[in-house]
Amino acid sequence: MTTRLGRDKLFYAFQPGLKPAARIQLGEEIIFETHDCFQGQIKTDKDLVATLDWDRTNPATGPVYIEGAQPGHILRLEVLDVEVEDHSVMVTIPGEGALGDRITDMETTILHREGDELVFKDRVRIPMGPMIGVIGIAPAKGSISNGMPGYHGGNLDCTLIGKGSRLYLTVQVEGGLLGVGDLHAAMGDGEIVVVGAEVPGVVHLKPELVDMPALPTPFLENDELVATIHSDPDLDIAVDGAIHNMSEFLTRFVKLSVNDASMLMSAAGSLKICQVVDPAKTARFEFPKRILSQLGYSMPE
Ligand code: CA
Ligand code: CA
């Protein structure tokens, strides 16, 4: 059975006690229709962020209660597909983002899709790379705004979270309470102006539990690589967390010595930045699967 959730089922902060919008079984496909991060408030290049109701931004569709998901379980979210609409929005906001000191004018630009590209101001074509900005589950306690990334997932803004990827999170409350939103038709690592190509769309996910106790999460895999993801207001700490979590994975699960893991990470792994513009910054450490397979290790099917 497939459950489809409309974009009217939304929330703005991950927290325990959210009322589930749907209940699904493990292994069952779930489809989320999502708003863009502005909840559709920006429709043309005349609509500037000055007119935004900020209380209606970063909505996530959900939450979804996953039957059988219990605290401590490792939840694997397989991204079966990410479909995005044809028009996406980018903005500049003076004072915001990594170049906020140089940006003096508020601007909105609508990018239009042509084939597998986005057309920027009729001059530049950008390859599409549909991805999910916000994907997470409720924390054990407290309330975490959808604008915030963290251990629970949330606003990770990681370019790898697209079709064919699998994101692993540690369940913290019964049922997980999964939510998804903030799709990007394209985004570069760093998301330096505060937005990607913001777009409404539809996400197809399959949640499952995997027997990988104490996997350092958030953890991601795709056909090519595995990656650890860590967020912190201090980018140095985010970087350090991603590196240490990969070392933990390679020693605990792949059974490498600390020295071998360190040397192989240094020779063949890649430290990357997901984003530097959210309230906490997000780093990831990527390690190639072709090396894992030489070591006789493969991720669970
Ligand atoms: Ca985001
Ligand atoms: Ca976004």
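Here is a walk through this predicted model, from its two calcium ions to a helix and then a few strands. Residues are numbered from 1 along each chain as written, while chains are lettered from A and ligands numbered from 1 in the order written. Local features need a pLDDT of at least 70 and side-chain atom pairs count only at 80 or more, though totals for chains, interfaces and linings use all residues, and side-chain values use heavy atoms, leaving out hydrogens and water.

Let's start with the metals. The calcium ion (ligand 1) is held by Asn155 (OD1), two OD contacts from Asp157, and Asp182 (OD), at 2.2 to 2.5 Å. Donors here are N, O and S atoms within 2.8 Å of the metal, or 3.2 Å for Na, K and Ca; water isn't among the atoms, so a site may look incomplete. Along the chain, these donor residues are spaced N-x1-D-x24-D. Asn155 counts as buried because its relative accessibility is 2%, and Asp157 is buried too, at 1%. (Buried means under 20% relative accessible area, exposed over 50%, and partly exposed in between, using a 1.4 Å probe and protein chains only.)

Now look at the calcium ion (ligand 2). Its donors come from Asp182 (OD, twice), His184 (NE2) and Glu198 (OE, twice), at 2.2 to 3.1 Å, with the spacing D-x1-H-x13-E. Did you spot Asp182 in both sites? Asp182 bridges the two calcium ions, which lie 3.4 Å apart. Both Asp182 and His184 are buried.Next comes helix 1, residues 235-252. (Helices are DSSP runs of H or I with at least four residues, strands are E runs of at least two, and both are numbered from the N terminus.) Helix 1 has 18 residues and reaches 25 Å from its first C-alpha to its last, close to the expected 26 Å; that expected span is 1.5 Å times one less than the number of residues. At its N-terminal end, Asp234 acts as a cap, with a side-chain oxygen 2.8 Å from the backbone nitrogen of Asp236. The buried residues of helix 1 include Ala238, Ala242, Met246 and Phe249. An α-helix has 3.6 residues a turn, so residues three or four places apart point the same way. The buried residues of helix 1 pack against several elements, among them strand 20 (225-232), helix 2 (258-268) and strand 22 (281-288), where contact means heavy atoms within 4.5 Å.

Finally, the strands. Strand 8 (residues 87-92) and strand 9 (residues 107-114) run antiparallel, joined by six bridges; two strands pair if DSSP finds at least two bridges between them. Thr92 stands opposite Glu107 in strand 9. Strand 9 is also joined to strand 10 (residues 117-120), again antiparallel, by three bridges, and Arg113 has Leu118 in strand 10 as its bridge partner. Strands 9 and 10 form a hairpin with two residues between them, and Gly115 in the turn has a positive phi of about 65°.

Methods:
Polar contact = N/O pair within 3.5 Å; in protein donor to acceptor, adjacent residues only side chain to side chain.
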